[in-house]
Every structure is written in structure tokens, then in C-alpha cells.
Amino acid sequence: MDNKTPVNGKYIMYKGKPLVRENNIICYGDMEDEYYLFLMILTNKKENGIEVPDKILVQILSTKEKNKIIKQGEKSGLYDALDIGIIWLERALADKAK
């Protein structure tokens, strides 16, 4: 996803910031902020007959410097990936505001 491309239509707001998914990519955050959360679903698994995300790449990226990774890790499960990613994002934004 290109940070300059506007999101048209309705999208989910979570904790006051947009949460957008396109295929295996999830972006969370305001593109006017210094950083945003980028999640890439690397693998899926079957749970109760339904495919769910398994391995997730978690990155905090800069909105100002293209392709600059601030923090990166890998988590199992979408909940854990989103949870730690939001914590990292909030900390990075708080540190930048100081």
C-alpha cells in the first residue's frame, strides 16, 4: 500500500485510528502521524474448519521516510500481532512527541 493513496469509502476505526486490510496486508494508524503499524499475514492455519492468520510480520514504519522500519518482529496470531503492534506504535508516537 502506498501512503499517498487516499482510502475511499468506509473503513474500520479502532481506538480512534483507521484500520485497513487489503488481502494479507493490514495497516493501522493515521498517515498524518509520524509512524503507522504495518502487519503482513505470512501464513494461515485451519481452526474449526476456518482459515485464520497464523504467522504475522509486525512493523512500525515511518510515514515521512519511505521504507524506514522503526521496529519489527513476528507474532503468532492476529490478536497478539495487533496487540503488540499497537503498543509499539503508541510508544513510538509518544517518544516522538517528547
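1. Let me start with the aromatics: the structure holds 1 aromatic pair. The partners are Y14 and Y28, with ring centres 6.2 Å apart and planes at 65°, so the pair is edge-to-face; the angle cut-off for that label is over 60 degrees. The pair links distant parts of the chain, since Y14 sits in strand β1 and Y28 in strand β3, 14 residues apart. Bear in mind as you read on that this is a predicted model.

2. Are the two tyrosines buried or exposed? Y28 counts as buried, at 3% relative accessibility. Y14 is partly exposed, with a relative accessible area of 35%. The cut-off for buried is under 20%, so Y28 falls inside it at 3%, whereas Y14 at 35% does not.

3. Now the sheet. An open sheet of 6 strands runs in the order β1-β2-β3-β4-β7-β8, with antiparallel pairing. β1 and β8 are the edge strands, each pairing on one side only. From one strand to the next, the twist averages 25°. As a reminder, strands of a sheet pair through backbone hydrogen bonds, either parallel or antiparallel.

4. β7 deserves a paragraph of its own. With β4, strand β7 pairs in the antiparallel sense over 7 bridges, and I60 of β7 is the bridge partner of L37. Towards β8 there are 7 bridges, and β7 and β8 run antiparallel. Two of the bridge partnerships here are Q59 with Q72 and K55 with S76. β7 is also mostly covered: 7 of its 8 residues are buried.

5. On the turns: β7 and β8 form a hairpin with 6 residues between them, and N67 in that turn has a positive phi of about 65°. A second hairpin comes from β5 and β6, with 2 residues between them; there N48 has a positive phi of about 55°. β5 (residues 44-47) and β6 (residues 50-53) pair in the antiparallel sense over 4 bridges. E47 has I50 in β6 as its bridge partner.

6. What does α1 pack on? The answer is the sheet, where α1 touches β1, β2, β3, β4, β7 and β8. The direction of α1 makes about 160° with that of β4. In α1, the buried residues are A81, L82, G85, I86, W88, L89, A92 and L93. These buried residues pack against β1 (12-14), β2, β3 (25-28), β4 (35-41), β7 (55-62) and β8 (69-76).

7. A quick check on the helix geometry. How far apart should the ends of α1 be, at 1.5 Å a residue? The 20 residues of α1 (residues 78-97) should span 28 Å, and the end C-alpha atoms are 28 Å apart, which agrees. The expected span takes one less than the number of residues.

8. Last, a look at K17, which lies in strand β2 (residues 17-22). The K17 side chain makes a polar contact with the side chain of D33, at 2.9 Å. Leaving aside residues up to four places away in sequence, K17 touches I12, Y28, G29, D30, D33 and L93. Two names on that list have come up already: Y28 is the buried tyrosine, and L93 is one of the buried residues of α1.

Terms used. Residues are numbered from 1 along each chain as its sequence is written. This is a predicted model: local features need pLDDT of at least 70, side-chain atom pairs count only at pLDDT 80 or more; totals for chains, interfaces and linings use all residues. Side-chain values use heavy atoms; hydrogens and water are left out. A polar contact is a pair of N or O atoms within 3.5 Å; within protein, one must be able to donate a hydrogen and the other to accept it, and residues adjacent in sequence count only if both atoms are side-chain atoms. Contact means heavy atoms within 4.5 Å. Buried means under 20% relative accessible area, exposed over 50%, partly exposed in between (1.4 Å probe, protein chains only). Two strands pair if DSSP finds at least two bridges between them. Rings of Phe, Tyr and Trp (its six-membered ring) pair if their centres lie within 6.5 Å; planes under 30 degrees apart count as stacked, over 60 as edge-to-face and the rest as tilted. Axes are lines fitted to C-alpha atoms, for helices over the stretch in contact, and angles run from 0 to 180 degrees between N-to-C directions.
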